[in-house]
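Here is a short tour of one protein chain. Have the sequence and the 3D view at hand, and follow the residues as they come up.

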Amino acid sequence: MKLREIMTKEVVRIHPEESAAVAARAFQRYNIGAMPVCGGDGRICGVVTDRDIVTRCLATGHRPEDTPVRAIMTNTVISARPDMDVTAAASLMARRQVRRLPVVESGKLCGMISLGDLS
């Protein structure tokens, strides 16, 4: 089975210049804990999590309303291709210790896979 068959195609994403407060509201609204960060061209440039807001914004004394997502996101993105086998994706996620994996095609975000999707 390939990732394209099981990935979530409608992915909630955020722009790097949006605030951490906007990200937090999106996490609550969509009941999610991570979002890919994409520029206007659809290319992924990072990933932000609810934990990033807590540890890199709130815990360091910054205000979420004044902190852009680019300042707290993870810049190194581990991603997969839609034609990747689910077993290979699960192995990649285990090796890199990530719970969510953006799926990228032609340099642009096209889906997302979580551990729950693989189980």
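A residue is called buried when its relative accessible area is under 20%, exposed when that area is over 50%, and partly exposed in between. By that cut-off, 40% of the 119 residues of the protein chain are buried. The model is predicted.

## The chain as a whole

The protein chain holds 5 helices and 4 strands. Read from the N terminus, the order is α-α-β-β-α-α-β-β-α. The radius of gyration is 14 Å, close to the 14 Å that the globule rule gives for 119 residues, so the chain is as compact as a globular protein of that length. Its C-alpha atoms fill a box of roughly 45 × 30 × 25 Å along the principal axes.

How much of the contact network links residues 24 or more positions apart? Among contacts with a separation of 6 or more, such pairs account for 53%.

The surface comes next. About 6,900 Å² of the protein chain is exposed, and carbon and sulfur atoms supply 47% of that area. The side chains include 17 positive and 13 negative ones. The centres of these two sets lie 3 Å apart.

## Helix α2 and what follows it

Helix α2 spans residues 20–30, and its buried residues are A20, A21, A23, A26 and F27. Which elements cover them? The cover includes strand β1 (34–38), strand β2 (44–49) and helix α3 (50–58).

One of those buried residues, F27, can be followed into strand β2. T49 lies in that strand. T49 is buried, because its relative accessible area is 17%. Beyond its neighbours within four places in sequence, T49 is in contact with F27, G33 and A34.

Just after α2 comes N31, with a positive phi of about 55°. N31 sits in the loop between α2 and β1.

## Two positive phi values

Most residues other than glycine have a negative phi. N31 has a positive value and is not glycine. Q97 also has a positive phi, near 55°, and is likewise a residue other than glycine. Q97 lies in the loop between α4 and β3 (100–105). Are these two residues buried or exposed? N31 is exposed, because its relative accessibility is 71%. Q97 is exposed as well, because its relative accessible area is 72%.

## Cysteines without a bond

How many disulfides does the structure hold? The count is 0. C38 is in no disulfide, and its nearest cysteine sulfur, that of C45, is 6.7 Å away. A disulfide needs two cysteine sulfur atoms within 2.5 Å. C38 counts as buried, because its relative accessibility is 4%.

Why is C57 not bonded to C45? The closest cysteine sulfur to that of C57 is in C45, and it is 17 Å away, so it is too far for a bond. C57 is buried too, with a relative accessible area of 0%.

## V77 and V104

V77 is in the loop between α3 and α4 (86–96). V77 is partly exposed, because its relative accessible area is 24%. Leaving out neighbours within four places in sequence, V77 is in contact with I44, C45, G46, V47 and P102.

V104 is found in strand β3. V104 is buried, because its relative accessible area is 14%. With neighbours within four places again set aside, V104 is in contact with I44, S79, A80, R81, P82 and C110. I44 is thus a contact of V77 and also a contact of V104.

Sequence separation and distance in space can be set side by side for two pairs. Distances run from C-alpha to C-alpha.

| Pair | Apart in sequence | Apart in space (C-alpha to C-alpha) |
|---|---|---|
| V77 and R29 | 48 residues | 24 Å |
| V104 and S79 | 25 residues | 6.5 Å |

S79 is also one of the residues in contact with V104. For V77, R29 is not among the listed contacts.

Conventions
Residues are numbered from 1 along each chain as its sequence is written. This is a predicted model: local features need pLDDT of at least 70, side-chain atom pairs count only at pLDDT 80 or more; totals for chains, interfaces and linings use all residues. Side-chain values use heavy atoms; hydrogens and water are left out. Helices (H or I, at least four residues) and strands (E, at least two) are DSSP runs, numbered from the N terminus. The radius of gyration is taken over C-alpha atoms; the globule rule is 2.2 Å times the number of residues to the power 0.38. Buried means under 20% relative accessible area, exposed over 50%, partly exposed in between (1.4 Å probe, protein chains only). Contact means heavy atoms within 4.5 Å. Accessible areas come from the Shrake-Rupley method with a 1.4 Å probe; for residues, only the protein chains shown count as cover. Lys and Arg count as positive and Asp and Glu as negative; His and the chain ends are not counted. The place of a charge is taken as NZ of Lys, CZ of Arg, CG of Asp or CD of Glu.
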